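Q: Please take a close look at one helix of this chain and at the parts that surround it. I would like a connected account that moves from the helix itself to its surroundings and then to the chain as a whole.

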Amino acid sequence: MKRAFPDGAADERGVLTGFLDWQRATVRRKVDGLPPDLADRALLDTSPLMTVAGVVSHLRQTEHDWFAGSFPSLANEPFARQPDGGWQPVGRAIADLVSDYETECAQSRRIVAGLTLDAMQEFTPPQFTPVSVRWILTHLIEETARHLGHLDILREQLDGARGY
């Protein structure tokens, strides 16, 4: 997926989906070229699941939970929430994790395309109150951007690669 900022005159939907797609495409840029043996290396003793592979896997699960999980009638498969939030991609190649992430993002785009920004979740976990598509898009922008910061730091520490 090519990165492109949303049009400066875009409507609200175009701005929200455009900035989310920018963040999504940046995930691949942060991972491209990483030697596969470094993807599972933990650098933080206090956060052993914070690896490049763990972050990408978690981002895929986050997309799944918020889009397929909120609108299960529009999902391609039955919804399944992972209790660990996707943080433990044991034995999965980083290329496969990125591919799975991009597939999940495509499903999320398809789900959002069929809804208004004001549409409320079909399913809301019991510990939350229902939220709109607008809220979910905004949350995914901040969630993805926050984890891109983690990928920035991990990548630079692992092999010195930098860049936005």
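The request concerns helix α2, together with the helices and loops around it, in what is a predicted model. Where does Ser 57 sit, is helix α2 covered or open, and what does Ser 57 touch?

A: The account begins with the helix and one of its residues, and then moves outward. In this predicted model, helix α2 comprises residues 52–68 and includes Ser 57. The helix has 17 residues and reaches 24 Å from its first C-alpha to its last, close to the 24 Å expected at 1.5 Å a residue. Helix α2 is mostly covered, with 17 of its 17 residues buried. Ser 57 fits that description, because its relative accessibility is 10% and a residue counts as buried under 20%. Leaving aside residues up to four places away in sequence, Ser 57 touches Gly 86, Pro 89 and Leu 97.

The next element along the chain is the loop between α2 and α3, where Asn 76 lies. Asn 76 is exposed, because its relative accessible area of 56% is over the 50% cut-off. Asn 76 nevertheless has contacts beyond its sequence neighbours, since it touches Gln 107 and Arg 110 when residues up to four places away are not counted. Of these two, Gln 107 is 31 residues from Asn 76 in sequence, while the C-alpha atoms of the pair are 7.5 Å apart in space.

Helix α3 spans residues 94–113, and Ser 108 is found in it. Ser 108 counts as buried because its relative accessibility is 1%, which is under the 20% limit. The contacts of Ser 108, again without residues up to four places away in sequence, are with Arg 24, Glu 63 and Phe 67. Arg 24 is among the buried residues of α1, and so this contact of Ser 108 leads on to helix α1, whose fit to the expected span can be checked: its 20 residues (residues 12–31) should span 28 Å at 1.5 Å a residue, and its end C-alpha atoms are 30 Å apart, which agrees.

The buried residues of helix α1 include Leu 16, Leu 20, Trp 22, Val 27 and Val 31, and charged residues such as Asp 21, Arg 24 and Lys 30 are also on that list. What covers the buried residues of α1 includes α2, α3 and α4. Asp 21, placed in helix α1, is buried because its relative accessible area of 17% is under 20%. The C-alpha atoms of Asp 21 and Arg 110 are separated by 13 Å, and the two residues are 89 apart along the chain. Just after α1, Gly 33 takes a positive phi of about 85 degrees.

On the other side of α3 in sequence, Asp 118 has its place in the loop between α3 and α4. Asp 118 is exposed, because its relative accessible area of 52% is over 50%. Asp 118 touches Ser 132 and Arg 134, with residues up to four places away in sequence left out. The C-alpha atoms of Asp 118 and Gly 91 are 40 Å apart in space, although the two residues are 27 apart in sequence.

Helix α4 covers residues 133–159, and its 27 residues should span 39 Å at 1.5 Å a residue; its end C-alpha atoms are 38 Å apart, which agrees. Just after α4, Gly 160 takes a positive phi of about 85 degrees.

These pieces can now be set within the whole chain. The protein chain has 4 helices and 0 strands, and read along the sequence it follows the pattern α-α-α-α. A compact globule of 164 residues would have a radius of gyration near 15 Å, and the value of 16 Å for the protein chain agrees with this. The C-alpha atoms fill a box of roughly 45 × 40 × 25 Å along the principal axes. Buried residues make up 46% of the 164 residues. Among contacts between residues at least 6 apart in sequence, 73% join residues at least 24 apart. The protein chain exposes about 8,500 Å², of which carbon and sulfur atoms supply 56%. Its 17 positive and 23 negative charges have mean positions that are 4 Å apart.

Note on methods. Residues are numbered from 1 along each chain as its sequence is written. This is a predicted model: local features need pLDDT of at least 70, side-chain atom pairs count only at pLDDT 80 or more; totals for chains, interfaces and linings use all residues. Side-chain values use heavy atoms; hydrogens and water are left out. Helices (H or I, at least four residues) and strands (E, at least two) are DSSP runs, numbered from the N terminus. The expected span of a helix is 1.5 Å times one less than its number of residues. The radius of gyration is taken over C-alpha atoms; the globule rule is 2.2 Å times the number of residues to the power 0.38. Buried means under 20% relative accessible area, exposed over 50%, partly exposed in between (1.4 Å probe, protein chains only). Contact means heavy atoms within 4.5 Å. Accessible areas come from the Shrake-Rupley method with a 1.4 Å probe; for residues, only the protein chains shown count as cover. The place of a charge is taken as NZ of Lys, CZ of Arg, CG of Asp or CD of Glu.
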